[in-house]
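Work through the exercises below with the sequence and the structure open beside you, and try each task before you read its solution.

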Amino acid sequence: MRRHITLLLMILLAVACQPENNKKSRGSGDPEMDRFISGLMKQMTLEEKLGQLNLPASGDIMTGQTKSTGIAAKIREGKVGGLFNIRTVEKIREVQRIAVEESRMKIPLIIAMDVIHGYRTAFPIPLGVSTTWDMELVEKSARMAAQEATADGICWTFSPMVDISRDPRWGRVSEGSGEDPYLGSRIAEAMVRGYQGDDLSANNTMLACVKHFALYGASEAGRDYNTTDMSRIRMFNEFMPPYQAAIDAGVGSVMTSFNEIDGIPASANKWLMSDLLRDQWGFEGPVVTDYTAIMEMTDHGLGDLQQVSALALQAGVDMDMVSEGFLNTLKQSLDEGKVTMAQVDQACRRILEAKYRLGLFEDPYRYCDEERSKTEIFTDANRQFAREIAAASFVLMKNEGGVLPLKKGGTLALVGPMADNTENMPGTWSVAADFSQSTSVRKGLEAVAGSEVKILYAKGSNVVQDTLLDSRISIFGKPTYFDKRDPAVMIREAVAAAMKADVVVAAMGESAEMSGECSSRSDITLPACQRDLLKALLATGKPVVMVLFTGRPLAIPWEAAHVPAILNVWFPGTEGGHAIADVLFGAVNPSGKLSATWPQNVGQVPLFYNHKNTGRPLAPGSWFQKFRSNYLDVPNEPLFPFGYGLSYSTFTYGDPKLSAEQLSGNATLTLSVDLTNSGPADGAEVVQLYIRDLVGSVTRPVKELKGFQKVFLKAGETRTITFTVTPEELKFYNSGLVYDWEPGDFDLMVGGNSDAVKTARVNWTK
Ligand code: NOJ
């Protein structure tokens with residue numbers, strides 16, 4: 001408190017005051033903060049207020065096309081509210097020093113970064129974290145990321161990314177939690193809890209930022225930054241829930257998306273940013289745009305920089321990332337009466353509030369503790385956790401004849417373009433990870449198998465054979481090490497190794513930057529050169545285990561039909577190699593389940609489990625029927641359904657039992673099911689509860705996830721798993737966009753994936 005007063009005194013300078021003519025209509029609930037910020041704002045010039053709305057990129061790390069320039073001078077002049085993509089305590093302390101010692105108002109900077117799946121210790125890509133279905137692990141991963149990032153000077157993360165997507169062509173499915181609004185919402189909450197903790201002002205918690213608001217994952221044709229367009233009823237039932245869940249969990253900030261909604265880009269969309277976000281959902285924190293999203297509205301066709309900046313402010317945006325449209329044009333818009341001082345004040349206040357909540361006014365160097373930076377980053381404990389969460393994220397797609405787990409003995413041929421690569425292990429958007437210190441599959445296998453297994457290595461193929469494509473997928477310090485040899489020579493070398501081995505492990509799939517931002521693919525199959533390698537390996541007759549790297553669902557029906565064992569490891573993070581070895585050799589039993597459907601081919605996309613029935617549904621299990629909703633050339637079924645994943649054990653479900661078959665009003669129903677670990681190994685199963693509302697005033701999905709539990713059972717153990725259902729789980733947005741439930745029959749389905757369920761019916765009256 002004393003520091004607040006000192007700071008206030010320091011800023012009582014004789015300057016022309018800009019009256020804050022926008023007294024907040026309602027208080028923030030923290031009168032001390034309100035007083036402090038009002039006092040501060042009374043001293044600020046218009047230019048200084050606009051400076052607070054400006055968020056340039058430091059230039060340390062590139063995450064967009066435009067570079068910010070002359071940053072130190074701008075900080076001194078009070079033209080910078082925060083910085084992002086800067087790291088290390090030393091550098092951050094220096095920019096903070098300029099802000100609090102050399103700028104007139106001495107307002108500390110807020111320092112941000114994309115800390116989206118770990119920090120220096122990289123965890124699996126978010127899509128991988130989501131396939132753990134383990135909310136404790138999810139929360140802990142965010143907690144640990146916050147611990148490391150704050151020890152390096154950063155107090156604001158642009159995470160969680162909660163965009164629902166049903167289109168694996170879109171490369172950014174790798175950064176989200178898949179296709180389901182219920183699972184996505186639980187993950188959003190866990191991430192917010194993890195980053196922000198109970199006390200945002202603690203030096204090891206950070207401000208979270210839910211992104212990209214909104215509907216970014218629904219870009220047309222899966223092409224990044226493309227237009228989105230959807231009905232309100234779909235929007236609210238299927239795409240909005242995770243954003244709202246993050247808001248309800250107390251997320252401190254929101255980032256706009258690049259796409260348009262109803263013809264208006266998100267950053268200028270008043271309905272989205274004010275009517276919905278503020279008025280309906282009650283969000284009071286700052287809204288920041290995505291990278292240059294304001295100036296991009298010129299290309300969207302909304303006008304020049306002045307015009308689009310005014311639109312953004314009017315819509316309810318508070319902070320301008322990189323465009324400098326707020327900084328350079330809002331004064332003129334004010335003079336011309338295009339925006340109001342109240343709008344500027346409102347935005348400025350929200351940013352100052354975030355800084356206050358982070359404790360930056362009390363101590364601008366709160367996150368600049370050299371000691372912490374030496375002892376709390378990339379620790380053994382964090383790496384151990386990275387290994388644990390990576391192993392928990394792997395999805396065993398196939399294991400014919402029990403090829404896995406591998407025996408520790410004999411000779412193993414390790415082949416494939418991802419077998420001996422460290423840089424690609426952390427996956428996309430791992431901006432703070434130290435690639436050189438991640439563990440390759442080769443290193444991991446050698447460490448875990450020790451001298452008991454002889455490992456023969458051959459690369460076997462490139463990721464892709466097309467050099468232009470290779471240059472696009474090997475950027476940001478993640479080389480694919482393109483091998484210029486004749487592909488046939490590489491395959492021969494791998495086959496020679498396979499011939500000498502008892503088993504072949506083929507580490508292949510995408511490189512890290514084949515998914516992620518601006519990495520859309522129109523073809524989501526395994527690249528041809530890798531398929532050729534696989535064919536040659538299979539022809540040796542040796543058992544082949546495919547360790548599949550990918551940042552998206554792939555269309556791999558051929559591989560699924562021919563390769564006996566497939567372990568999907570996404571991009572597993574710093575400890576990927578060790579975690580892969582743990583699972584291959586059976587120290588860890590795989591338990592990941594898909595959070596997004598895998599199609600048979602790209603023509604089925606978008607393909608998702610919670611679809612509508614249509615008026616001409618295809619009879620279950622059949623393929624083609626004339627005048628039914630289907631394809632001539634591919635069945636409707638996915639290759640792997642939502643919720644799918646095998647184990648080294650098997651889990652058997654009893655019949656679900658209901659506490660009642662007839663309920664009325666606000667009652668609670670209990671569903672219980674006996675789950676038996678009927679296989680040879682201890683292991684975990686994700687028990688999933690789906691509901692279908694059989695008759696509604698609007699059409700309802702064929703099933704919707706409404707609960708899940710990840711349970712660990714010893715081999716042979718049986719446990720009764722119980723879910724409770726209330727009318728809350730039956731609610732949906734109707735055609736009037738009223739969120740309510742309707743009486744009638746409901747099917748409750750329980751099982752180990754969305755396609756393998758046992759059903760019980762209940763009638764629920766109002
Ligand atoms: C653009 C991305 O869309 C967003 O997710 C990220 O937070 C910003 N760049 C900042 O790096």
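**Exercise 1. The loop that follows helix 23**

Task: Where is Pro-606 found, and what kind of peptide bond joins Val-605 and Pro-606?

Solution: Begin with the position, for Pro-606 sits in the loop that runs between helix 23 and strand 17 (651–653). Bear in mind as you look that this is a predicted model. Next, turn to the bond itself: Val-605 and Pro-606 are joined by a cis peptide bond, with omega at about 0°. As a background to this step, most peptide bonds are trans. A further cis peptide bond can then be looked up between Lys-211 and His-212, where omega is about -5°, and His-212 belongs to strand 5 (residues 209–213).

**Exercise 2. Two helices that pack**

Task: Describe how helix 18 and helix 23 pack, stating at what angle and how many Å apart their axes are.

Solution: Two packed helices are described by the angle between their axes and by the distance between those axes. For helix 18 (residues 441–449) and helix 23 (residues 576–584), the angle is about 50° and the axes are 7 Å apart. That angle makes helix 18 oblique to helix 23, and the crossing of the two helices is right-handed. The last step is to list the residues that meet: Val-441, Gly-444, Leu-445, Ala-447 and Val-448 come from helix 18, while Gly-577, His-578, Ile-580, Ala-581, Asp-582 and Leu-584 come from helix 23. Sorted by character, the residues of this contact comprise seven nonpolar, three polar and one charged.

**Exercise 3. Positive phi outside glycine**

Task: In which loops do Phe-476 and Cys-518 lie, and is each of them buried or exposed, or something in between?

Solution: The general background is that most residues other than glycine have a negative phi. Phe-476, although it is not a glycine, has a positive phi of about 55°, and its place is in the loop between helix 19 (467–472) and helix 20 (487–499). Since its relative accessibility is 44%, Phe-476 counts as partly exposed. Cys-518 also has a positive phi, near 55°, and lies in the loop between strand 14 (503–509) and helix 21 (528–539). With a relative accessible area of 55%, Cys-518 is exposed, because exposed means over 50%.

**Exercise 4. One residue and its surroundings**

Task: Which residues does Gln-244 touch, not counting residues up to four places away in sequence?

Solution: First find Gln-244 in helix 10 (residues 241–248), where a relative accessibility of 21% makes Gln-244 partly exposed. Leaving aside residues up to four places away in sequence, Gln-244 touches Trp-281 and Tyr-733. For Thr-652, the C-alpha to C-alpha distance from Gln-244 is 36 Å, and the two residues are 408 residues apart in sequence.

**Exercise 5. The chain as a whole**

Task: How many helices and strands does the chain have, and how compact is the chain for its length?

Solution: Count the elements to begin with, which gives 23 helices and 27 strands. The radius of gyration is 27 Å, close to the 27 Å that the globule rule gives for 766 residues, so the chain is as compact as a globular protein of that length. Along its principal axes, the C-alpha trace spans about 85 × 65 × 45 Å. Of the 766 residues, 61% are buried. Finally, among the contacts with a separation of 6 or more, 79% are between residues 24 or more positions apart.

Terms used: Residues are numbered from 1 along each chain as its sequence is written. This is a predicted model: local features need pLDDT of at least 70, side-chain atom pairs count only at pLDDT 80 or more; totals for chains, interfaces and linings use all residues. Side-chain values use heavy atoms; hydrogens and water are left out. Axes are lines fitted to C-alpha atoms, for helices over the stretch in contact, and angles run from 0 to 180 degrees between N-to-C directions. Helices (H or I, at least four residues) and strands (E, at least two) are DSSP runs, numbered from the N terminus. Angles under 35 degrees count as roughly parallel, over 145 as roughly antiparallel, 65 to 115 as roughly perpendicular and the rest as oblique. A crossing is left-handed if the near helix is turned anticlockwise from the far one by less than a right angle, and right-handed if clockwise. Contact means heavy atoms within 4.5 Å. Ala, Val, Leu, Ile, Met, Phe, Trp, Tyr, Cys and Pro count as nonpolar, Asp, Glu, Lys and Arg as charged, and the others, Gly among them, as polar. The radius of gyration is taken over C-alpha atoms; the globule rule is 2.2 Å times the number of residues to the power 0.38. Buried means under 20% relative accessible area, exposed over 50%, partly exposed in between (1.4 Å probe, protein chains only).
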